[in-house]
Each structure stands twice: as C-alpha cells, then as structure tokens.
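User: Please justify the terms used for helix packing and ligand contacts in the structure below.

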Amino acid sequence: MTAIPTPNLPETYDVARVRRDFPILDQRIHGQPLIYLDNAATAQKPRAVLEAMDRYYREANANVHRGVHTLSERATALYEGARDHVQAFLNARAREEIIFVRGTTEAINLVAQSYARPRLGPGDEILITHLEHHSNTVPWQMVCEQTGAALKVVPITPAGEIDHAAFGQLLGPRTRIFAVAHVSNALGTVNPVAELTAQARAAGAMVLIDGAQGVPHQRVDVQALDCDFYAFSAHKLYGPTGIGVLYGRREVLEAMPPWQGGGDMIRTVHFAGSTWNDLPYKFEAGTPAIAEAVGLGAALAYVESLGIERIAAHEAALTAYALERLGAIPGLRFIGTARDRAGVVSFVLDGVHPHDLGTILDHAGVAIRAGHHCAMPVMDFYGVPATARASFACYNTRGDVDALVTALEGARKLFGGRG
Ligand code: PLP
C-alpha cells in the first residue's frame, strides 16, 4: 500500500485505499491502466454514493412531500436529510437557505432571473471577472439584455489573477451584483473571495460566488465568506450529475419571486391567482432529483470521512509535483501561474494542438481535457484557441502525474520533438 505523506498534517493519506473506493478507476483504456485527470469537468463516484442511490431505488423510491404512505415518508426523509447535510457542510444558518437545483449553471440562472431581472434597469451594472466560466457570464449577459443594465468585467493579470486595483476602480455605486468564481476551472486560480466579497458588499453590491471548483478543494463556510449566494454542482464533488445547490441568504431569498412555476412551489392555486410555498420549496418546482440528493448526501459524508483539509493537502502536494515535472518538459508552457491555485494545471505544448494531445494521451490511457473549458474569454486573453488541462482529485497519485509526463513526452516525439 502506498501511503503518501501530506504536508502540514501529522497523519498520512492512504491514497491506495481511497482508490479502492472508486470502482471505475480499476479498468484499462486502449489496453493501458486508466489515469483519470479530468476531475474539474466531473469527478468519479465512490462506492458509497453508488450504493446509496441504488439502495434508495430499491428500498425507498416514491415521490416526496405529498405522500402519506411509508415509502413517500422514507423518500422525503432522505431528500430533506440531504438538505440538512448540505446546510451543515456549508455552515449555512438555516436549511431554508439551501435550494436544490440542477447544478451551478441553473443556480446562477435562477439568481439572474429571479433576483436581478426584476430589480435592474438602465444605469445599473453587473460586475464579473475575466476568468469566469460561461455559466457565470452568459446568464448575466442575458439579464443585461433584458433589463438594459451593463456588464462590466474585471481584468486579470498575465498570471491569471484578478487585478485588484482594477476591481476597486470598477466597483462603484452602480454595481448591483458582483459574481465571481471561487476557483477558475480554466487556470486553477483560487480567488480571495472573502476579501472580494467584503469589498463588494461594502460598496453596496450583492455577491454571488460560483463555487463549482471551490467546494471540491477546500472547506467553504458561507457565514464566514458573508456572500449572498453560493452555487455548486454535486458532480464535481464525487456526487451524481443532475443536482446542485444554490445557497442564498434567507432574507434575500424571501424577497425574490419564484423562478419556475409548478408543483411543490405553490401554497394555493386558483384561476384567479396562486400563492407561493415557503422557502426552500418556493424555488423547487416539480418533482426534484431525489435519488441525486441522496447521492449528494452520501458524497458529502464520503468527503467528510476523508477530511476536506486532507484532500486539499493531498491535491496541493500533487499539484506541486505536477508543476515541477511538467515544467521540465521542453516546449510546454503553463497557461495560468497564479500564486494561490487549486489542483488544476492548464498548458500548451509547442507544435501540438491541445485536441491532438487529448487524443494521443487517451491512447495512453490518460484522460485529460482539451478545449476552451467553457472560458473562451480566458483563451482570448492568452491568445490560444484551447489548452490541455489536467485536474486532480482525492484518488490521484504521483504515478498518475508520471504517466501524464511519459505520455506527453511520447506526444512530443510523435510531433517531431519541437520546442
Ligand atoms: N462554474 C465553473 C467554475 C465550472 O467549472 C463549471 C463546470 O465546469 C460550472 C460553473 C458549470 O457547472 P455545471 O455544468 O455543473 O452547471
């Protein structure tokens, strides 16, 4: 068994044991052992999540909230139990502040349409940054078109960090909303969100943090962050696809109209008019993703069993190792060199298009992502059409990094070893 020492922690982190929790990792791709380094796109699921969802369908499946029969009560208890779990995980004040949505994208669209659209008009500004995912850009562009508000963008430095001076200048009395990624999926930059939030709130803006890449890599405390909204997707945190979370400050959510109409979000319906259910149900129209909520709850329990700080330390050690080893490859250029970064490494290799690199690496069993990473403005900033991106999770090893380096060396030779 390989036990990798984690920095700053007395205990060891038994990555071999962690790997055994993820059945999908135990397979060959094109005859090679699978090396999964596409975790920023989606993480693999531990047995605990697979089993919790399977058990739910075998033993408890029913629709939630409206049934009085035993299965419905079981399903409701599991679904609402998952909400309690998320509340504790984010340290939210109340369970009413946890809205289940399809994912980060839906959470941001909900805020754009239910919070921003009714309130904003010409003269108002929404502030984002140059390193946002399209999910934290396009919903704001849409709401600007709908309301006449203007979208402002905080520039980034060549290292891929937010330009603080420019942020201070762009933030003003017209800024109604500041929406920012906790961690950039394209560059790995960890933004100082507590500091940015304090500054934006002091200027009178509402703050939304896109936590899609935040929650998998560090402990998140929404009370300490003091943000108004925090969004994340379960599937990047070892949970299933199809479910995510919008945390919202209670008084803000109370003041927002529902976004979608349908079952569960109403109190009364008459043709003359309808009235809305209490939080959080006001924002959960229709049958929710029940099994997925159960899976999310199991994923949180799994992460807690390993310890998010220990996962973060393991990933930090791996990232440092990857930067060292990749940095020694001739012709390889990192895209994004922020001082504070999560387990995401973007790069280009001279003479090899990232898409070709992705295909060659796949033949060596190494799964990375190649493309614009839903962050085209970031690609524009660096003047590249795409990058190759390796991203780490709790089950990755130094051996995975070594396999990536070997495969990259092979690709370099294949393309004539330029650079
Ligand atoms: N924001 C960031 C920073 C992301 O990395 C992603 C997904 O890659 C999203 C938002 C969108 O997440 P989802 O597709 O799960 O809604």
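**Helix packing and ligand contacts**

Analyst: In this predicted model, helices H3 and H10 are oblique to each other.

User: Why are H3 and H10 called oblique?

Analyst: The axes of H3 (residues 70–90) and H10 (residues 290–306) cross at roughly 40° and come within 8 Å. Angles under 35 degrees count as roughly parallel and 65 to 115 as roughly perpendicular, so the pair is classed as oblique. The crossing of H3 past H10 is left-handed.

User: What makes the contact of H3 with H10, by class?

Analyst: H3 contributes Ala75, Leu78, Tyr79, Ala82, His85, Val86 and Phe89, while residues of H10 including Ile290, Leu300 and Glu304 complete the contact. The contact has 13 nonpolar, two polar and one charged residues.

User: Why is H12 called oblique to H14?

Analyst: The axes of H12 (residues 354–363) and H14 (residues 398–414) cross at roughly 120° and come within 9 Å. The perpendicular range ends at 115 and the antiparallel one begins over 145, so H12 is oblique to H14. Their crossing is right-handed. Leu357, Ile360 and Leu361 of H12 meet Leu404, Ala407, Leu408, Ala411 and Leu414 of H14. These residues divide into eight nonpolar, no polar and no charged.

User: How do you know that the side chain of His133 makes a polar contact with the ligand?

Analyst: An N or O atom in the side chain of His133 is 3.4 Å from an oxygen atom of the ligand. The cut-off is 3.5 Å, so the pair qualifies. For Thr105 the corresponding distance is 2.6 Å, and for Lys236 it is 2.6 Å. Among the other residues surrounding the ligand are Asn185, Asp210 and Gln213.

Notes. Residues are numbered from 1 along each chain as its sequence is written. This is a predicted model: local features need pLDDT of at least 70, side-chain atom pairs count only at pLDDT 80 or more; totals for chains, interfaces and linings use all residues. Side-chain values use heavy atoms; hydrogens and water are left out. Axes are lines fitted to C-alpha atoms, for helices over the stretch in contact, and angles run from 0 to 180 degrees between N-to-C directions. Helices (H or I, at least four residues) and strands (E, at least two) are DSSP runs, numbered from the N terminus. A crossing is left-handed if the near helix is turned anticlockwise from the far one by less than a right angle, and right-handed if clockwise. Contact means heavy atoms within 4.5 Å. Ala, Val, Leu, Ile, Met, Phe, Trp, Tyr, Cys and Pro count as nonpolar, Asp, Glu, Lys and Arg as charged, and the others, Gly among them, as polar. A residue is near a molecule or strand if one of its heavy atoms lies within 4 Å of it. A polar contact is a pair of N or O atoms within 3.5 Å; within protein, one must be able to donate a hydrogen and the other to accept it, and residues adjacent in sequence count only if both atoms are side-chain atoms.
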